[in-house]
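Trainee: I have a structure to read and several labels to justify. Can we go through them one at a time?

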Amino acid sequence: MGVRSLTGAKVDVKISATVNNTLDDNTIASAAVSYNLSRALTSGVSRNQANRAWQWKSKTLAASSSLTIDLFDFVGLDAGAGDGNDPVGQPMSPIEEIVGILVVNESAATNTSILEIEPAPSNGWDPIGFHTVAEGGGLRPGGCLFKFQPAEAGFDVRDANVHRIVVSCNGTQDITYSIVVLGRHDDDESSSSSSSSSSSSPSSQSSSSSSSSSISTSSSSVTSSSRSSLSSSSSSISTSQSSSSQSPA
């Protein structure tokens with residue numbers, strides 16, 4: 001048996017802005033608004049730990065199509081190292097808790113289609129919530145959805161009935177998008193098969209970087225007269241990059 005582990009796993013989320021008010025005498029009253037969440041995760045199954053990582057990087061979702069993702073075993077999805085496997089060929093199955101999930105619409109700013117994320121109609125993973133055009137929460141280009149639960153319980157995944165999400169393209173233009181998942185399997189902290197550890201997939205060449213999972217989002221400063229708005233827009237993901245084909249729902 002090989003030894004499964006994650007190293008360098010980290011989550012960084014920062015939002016900041018400076019609120020300005022230019023007065024009649026041209027003096028400016030200003031104040032900073034900011035929050036920085038930075039959490040390093042060790043390899044394991046307890047609080048502030050994870051032992052599963054998966055990335056669906058810069059994939060294309062065809063116009064008016066959808067894709068169902070099974071967060072328990074990722075069956076039917078090959079991210080570059082085999083159906084249902086992580087970036088170095090280890091099986092993702094089973095995941096019992098989601099620690100972090102990031103979904104990003106990477107399409108060009110001129111793209112008019114909207115990326116929707118929601119629980120699947122059958123065995124839906126309810127913690128993801130409904131982010132659709134109808135609900136007003138769909139992701140336009142540059143938008144992202146991020147959920148993080150480092151507590152020991154995490155976001156529960158149950159193969160029997162709570163484990164599937166759907167991503168959909170609402171519009172007439174194809175969408176480019178990425179998904180990153182950090183998870184745990186409570187009963188299998190370190191073991192993995194020796195055959196998967198020695199995967200000859202091209203993506204195994206980047207195993208040193210795929211073991212390090214990092215999710216970060218940032219925002220830019222905003223200046224306005226009397227009113228301000230916050231913008232948190234860019235998301236960068238540091239995990240292994242691998243190419244694959246997607247399976248329809």
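Mentor: Begin with a definition: two strands pair if DSSP finds at least two bridges between them. Keep in mind that this is a predicted model.

Trainee: What makes β7 and β12 (residues 175-184) a pair of strands?

Mentor: There are 8 bridges between β7 and β12. The rule asks for at least two, so they pair. The two strands run antiparallel. One bridge sets isoleucine 98 against glycine 183 in β12.

Trainee: How do you know that β7 pairs with β9 (residues 144-148)?

Mentor: By the same cut-off of at least two bridges. β7 and β9 are joined by 5 bridges and run antiparallel. Glycine 100 has phenylalanine 148 in β9 as its bridge partner.

Trainee: Why does β10 (residues 155-156) count as a partner of β7?

Mentor: β10 has 2 bridges to β7, and at least two are required, so the pair counts. These strands run antiparallel. Aspartate 156 in β10 stands opposite glutamate 97.

Trainee: What makes β7 mostly covered?

Mentor: In β7, 9 of its 9 residues are buried.

Trainee: Now the rings. How many aromatic pairs are there?

Mentor: The count is 4 aromatic pairs. One of them joins tryptophan 54 and tryptophan 56.

Trainee: Why is the pair of tryptophan 54 and tryptophan 56 called stacked?

Mentor: Their ring centres are 5.5 Å apart and their planes differ by 10°. A pair needs centres within 6.5 Å, and stacked needs planes under 30 degrees apart, so both conditions are met.

Trainee: And why is the pair of tryptophan 54 and phenylalanine 74 called tilted?

Mentor: Here the centres lie 4.4 Å apart and the planes meet at 35°. That angle is neither under 30 degrees nor over 60, so the pair is tilted.

Trainee: What does the pair of tryptophan 54 and phenylalanine 74 tie together?

Mentor: Tryptophan 54 is in strand β5 (residues 52-61), while phenylalanine 74 is in the loop between β6 (66-70) and β7 (97-105), so the pair ties together parts 20 residues apart in sequence. Ring pairs link Trp54, Trp56 and Phe74 into a cluster.

Trainee: How do you know whether tryptophan 54 and phenylalanine 74 are buried or exposed?

Mentor: Buried means under 20% relative accessible area. Tryptophan 54 has 2%, so it is buried. Phenylalanine 74 has 0%, so it is buried too.

Trainee: What lies over the face of tryptophan 56?

Mentor: Lysine 59 does, at 4.8 Å from the ring centre. The distance limit is within 6 Å, so 4.8 Å meets it.

How values were computed:
Residues numbered from 1 in each chain as written. Predicted model: local features only at pLDDT ≥ 70, side-chain atom pairs only at ≥ 80, totals over all residues. Heavy atoms only, no water. Phe/Tyr/Trp six-rings, centres within 6.5 Å; stacked < 30°, edge-to-face > 60°. Helix = DSSP H or I, 4+ residues; strand = E, 2+ residues; numbered from the N terminus. Buried < 20%, exposed > 50% of the residue type's maximum accessible area, 1.4 Å probe, protein only. Lys NZ or Arg CZ within 6 Å of the ring centre and 35° of its normal.
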